[in-house]
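Please find below some notes on the model, set out point by point. They begin with a local detail and then move outward.

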Amino acid sequence: MNGGPSGFNNAPVTRAFVITSVLFTVFFGIRGGGGSSSKLALSYQDVFEKFRIWKLIKSSFAFSSTPELLFGVYLLYYFRVFERQIGSNKHSVFILFSGFVSLILQTIVLSLFRDTSANLLTSGPYALIFASFVPFYLDIPVSKRFNVFGLHFSDKSFIYLAGVQLLLSSWKRSMLPGLCGIIAGSLYRLNIFGIRKAKLPWFIASFFSRMSLPSSSSHSQAPRRTSPSLGRQAVRSFQAPIPSSIEPSEEAIATLVSMGFDQNAARQALVHARNDVNAATNILLEAHSH
């Protein structure tokens, strides 16, 4: 199953988040040795008594083991498709909302069990990862189905299996953050307090683009340099008659469909963009915004 164009094109927030998560895991998680899990995990004292802000930040980004890092980064990389759908600004709001709600839910549970030796919660961006499973389940269509030894699978099954592996990686310590993330994603989906319409100030949203590494491909930078006037022209020309000589590839259509776009609209956008997936993605996003 494809999460769209390769790399972090049109997903600077996800790119910055993945880089931060990897760096935090290397310096505070994996290098911490066998005791890194307990050093990063949250307890009742960390939240209510000593309020260790730095530990809260570290536990929000750093995974406590290499397997968790591999599965977590894989899921974060795939879920970049949602930033491309709603835009970097709203995706930033989604990250902050899911993290905040998940932290509140976890602190409520911690307040019920004050034995610090029994209620440590595993570290890592579980809130964002499992909150993203809500739009993944509801918005991403199944494009392929197949059978293995009589069992029915789809191209989405691999993402679910990676999520289950991460959810059960530390058993009870990882299940609670994962479930809280799913609840946070559900509340965002329900548009509680009108959160889906909220946007961050432009200077905060652009911070992620500045701190993330530049893309390795100069061709992939073109969509981000497109001005609003050019975007509106692209939408108008997208709706204009298009030559029928250009036939988009099925792979390119499947890529856009996997991002949640309608198949017919994806085909028309690819025809207009001359089978350029990045340009077609921008056309569809501009058309959706209008």
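**Notes on the predicted model**

1. Val148 has Leu151 as its bridge partner in strand 2. The model is a predicted one, and this pair belongs to an antiparallel pairing of strand 1 with strand 2 (residues 151-154) that runs over 4 bridges.

2. The two strands form a hairpin with 2 residues between them. Phe149 has a positive phi there, near 55°. This backbone value is worth a look when the turn is inspected.

3. Val148 and Phe149 also belong to a nonpolar surface patch of about 650 Å², together with Tyr74, Phe146, Phe158 and Leu161. Strand 1 (145-148) and helix 10 (157-167) are the elements that give two or more residues to this patch. Leu161 is one of the residues placed in helix 10.

4. Which backbone atom does the side chain of Ser157 reach? It is the nitrogen of Ser154, at 2.9 Å. Ser157 lies in helix 10, while strand 2 covers residues 151-154. Because the relative accessibility of Ser157 is 13%, and buried means under 20%, this serine counts as buried.

5. Ser98 sits in helix 7 (residues 88-112). Is Ser98 buried or exposed? With a relative accessibility of 0%, Ser98 counts as buried. The side chain of Ser98 reaches two backbone oxygens: that of Phe94 at 2.9 Å and that of Ile95 at 3.0 Å.

6. What does Ser98 touch when its neighbours within four places in sequence are left aside? The contacts of Ser98 are then with Ala127, Leu128, Ala131 and Ala184.

7. For the chain as a whole, the secondary structure comes to 17 helices and 2 strands. The hairpin of points 1 and 2 is made of strand 1 and strand 2. Of the 290 residues, 45% count as buried, and Ser98 and Ser157 are among the residues that count as buried.

8. Among contacts in the chain with a separation of 6 or more, 75% are between residues 24 or more positions apart. The chain exposes about 15,300 Å², of which carbon and sulfur atoms supply 63%. The nonpolar patch of point 3, at about 650 Å², is made by six named side-chain positions, including Tyr74 and Phe158.

Terms used
Residues numbered from 1 in each chain as written. Predicted model: local features only at pLDDT ≥ 70, side-chain atom pairs only at ≥ 80, totals over all residues. Heavy atoms only, no water. Patch = residues over 30% accessible without salt bridge, like charges linked within 9 Å, V, L, I, M, F, W, Y side chains within 5 Å. Areas by Shrake-Rupley, 256 points an atom, 1.4 Å probe, with all protein chains shown as cover. Salt bridge = Lys/Arg side-chain N within 4 Å of Asp/Glu carboxyl O. Buried < 20%, exposed > 50% of the residue type's maximum accessible area, 1.4 Å probe, protein only. Contact = heavy atoms within 4.5 Å. Polar contact = N/O pair within 3.5 Å; in protein donor to acceptor, adjacent residues only side chain to side chain. Pairing = 2+ DSSP bridges.
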